Amino acid sequence: MIIVGIDEVGRGCWAGPVVAGAVALDSDFEVPAKANWKLGDSKVLSKKQREAADEGLRLMGAPIGLGWVDAADVDKVGITTAVKLAMQRALEQIQTDYDEVIIDGHLNFLEDKPKTRALIKADATQPAVSAASIVAKVARDNYMAEITAQYPHYGFEKHVGYGTALHLEKLKLHGITELHRKSFKPIKAMI
């Protein structure tokens with residue numbers, strides 16, 4: 001049975017895109033015994049472990065989709081619609097037949113699509129969802145590190161857009177950018 005796992009990253013960030021990952025894997029998929037990587041909830045894996053898993057999934061040819069919604073569009077449509085849109089975009093890139101789509105969390109953002117369901121903590125229990133959580137996190141973190149070249153004073157490579165003390169300090173010093181979500185309360189308060 002082929003499962004497409006879907007998870008998003010960046011929902012609560014003050015800056016940057018919301019990114020959804022979609023990965024299709026067999027329901028009983030196990031990482032090869034001699035592999036130098038593992039699957040799991042991306043939040044509990046180290047950066048090095050996530051990058052190794054992302055590379056391993058790509059080398060084995062796993063079907064992968066990434067859906068992006070930038071900060072300006074998050075402001076236009078709201079975070080819930082942005083997450084749904086990112087998930088739709090990620091799923092559209094999966095060009096293989098599948099039996100079910102499992103979305104991490106309690107909310108089925110794709111309830112209008114057949115064969116979809118939400119599952120709490122799926123990123124820790126379902127290999128395809130773990131994989132989706134990893135590829136989304138790696139893609140978004142890499143993007144935020146790359147964007148640092150355009151915004152060297154903001155520390156995006158460190159906080160990746162989340163509401164940290166460092167991010168707040170940089171905002172107070174340098175102001176907001178077009179990467180910031182102006183509809184989010186902390187940013188809105190600074191406008």
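In this predicted model, Lys 76 is exposed, with a relative accessible area of 66%. Its side chain meets that of Asp 73 in a salt bridge, with 3.5 Å from N to O. Asp 73 is partly exposed, at a relative accessible area of 26%. The two residues are about one helical turn apart, because they sit three residues from each other in helix α2 (residues 71-77).

This pair belongs to a broader set, as the structure holds nine salt bridges. Another of them joins Asp 141 to Arg 50, whose closest N and O atoms are 3.7 Å apart. Asp 141 lies in helix α5 and Arg 50 in helix α1, so this contact ties together parts separated by 91 residues in sequence. Both partners count as buried: Asp 141 has 13% relative accessibility, and Arg 50 has 10%.

Strands are linked in this way too. The side chains of Arg 117 and Glu 100 form a salt bridge with an N to O separation of 2.4 Å. Because Arg 117 lies in strand β5 (residues 116-119) and Glu 100 in strand β4 (residues 100-104), the pair ties together parts that are 17 residues apart in sequence. Here the partners differ in exposure: Arg 117 counts as partly exposed at 35% relative accessibility, whereas Glu 100 counts as buried at 16%. Elsewhere, a network of salt bridges links Asp 41, Lys 43 and Asp 123.

Turning to the strands themselves, β2 is largely enclosed by the rest of the structure, because eight of its nine residues are buried. β2 pairs with β1 in the antiparallel sense over eight bridges, and Ile 2 has Asp 26 of β2 as its bridge partner. β2 also runs antiparallel to β3, to which six bridges join it; in this pairing, Gly 21 is partnered by Leu 66 of β3.

The largest nonpolar core contains 25 residues, among which Val 23, Leu 25, Trp 37, Leu 57 and Val 135 touch the most other members. At least two residues of this core come from each of β1 (2-9), β2 (18-26), α1 (47-59), β3 (64-69) and α5 (127-147). The greatest contribution is that of α5, with nine residues. A second, separate core has 20 residues, including Ala 22, Val 69, Leu 91 and Phe 109. Beyond its neighbours within four places in sequence, Val 23 is in contact with several residues, among them Ile 3, Ile 64, Ala 131 and Val 135.

At the surface, Leu 168, Ile 176, Met 190 and Ile 191 make a nonpolar patch of about 320 Å². Ile 176 is found in the loop between α7 (165-174) and α8 (185-188), and is partly exposed, with a relative accessible area of 30%.

Key:
Residues are numbered from 1 along each chain as its sequence is written. This is a predicted model: local features need pLDDT of at least 70, side-chain atom pairs count only at pLDDT 80 or more; totals for chains, interfaces and linings use all residues. Side-chain values use heavy atoms; hydrogens and water are left out. Patches are made of residues with over 30% relative accessible area and no salt bridge: like charges are joined within 9 Å, nonpolar side chains (Val, Leu, Ile, Met, Phe, Trp, Tyr) within 5 Å. Accessible areas come from the Shrake-Rupley method with a 1.4 Å probe; for residues, only the protein chains shown count as cover. A salt bridge is a side-chain nitrogen of Lys or Arg within 4 Å of a carboxyl oxygen of Asp or Glu. Helices (H or I, at least four residues) and strands (E, at least two) are DSSP runs, numbered from the N terminus. Buried means under 20% relative accessible area, exposed over 50%, partly exposed in between (1.4 Å probe, protein chains only). A nonpolar core is a set of buried Ala, Val, Leu, Ile, Met, Phe, Trp, Tyr and Cys residues joined through side-chain atoms within 4.5 Å. Contact means heavy atoms within 4.5 Å. Two strands pair if DSSP finds at least two bridges between them.
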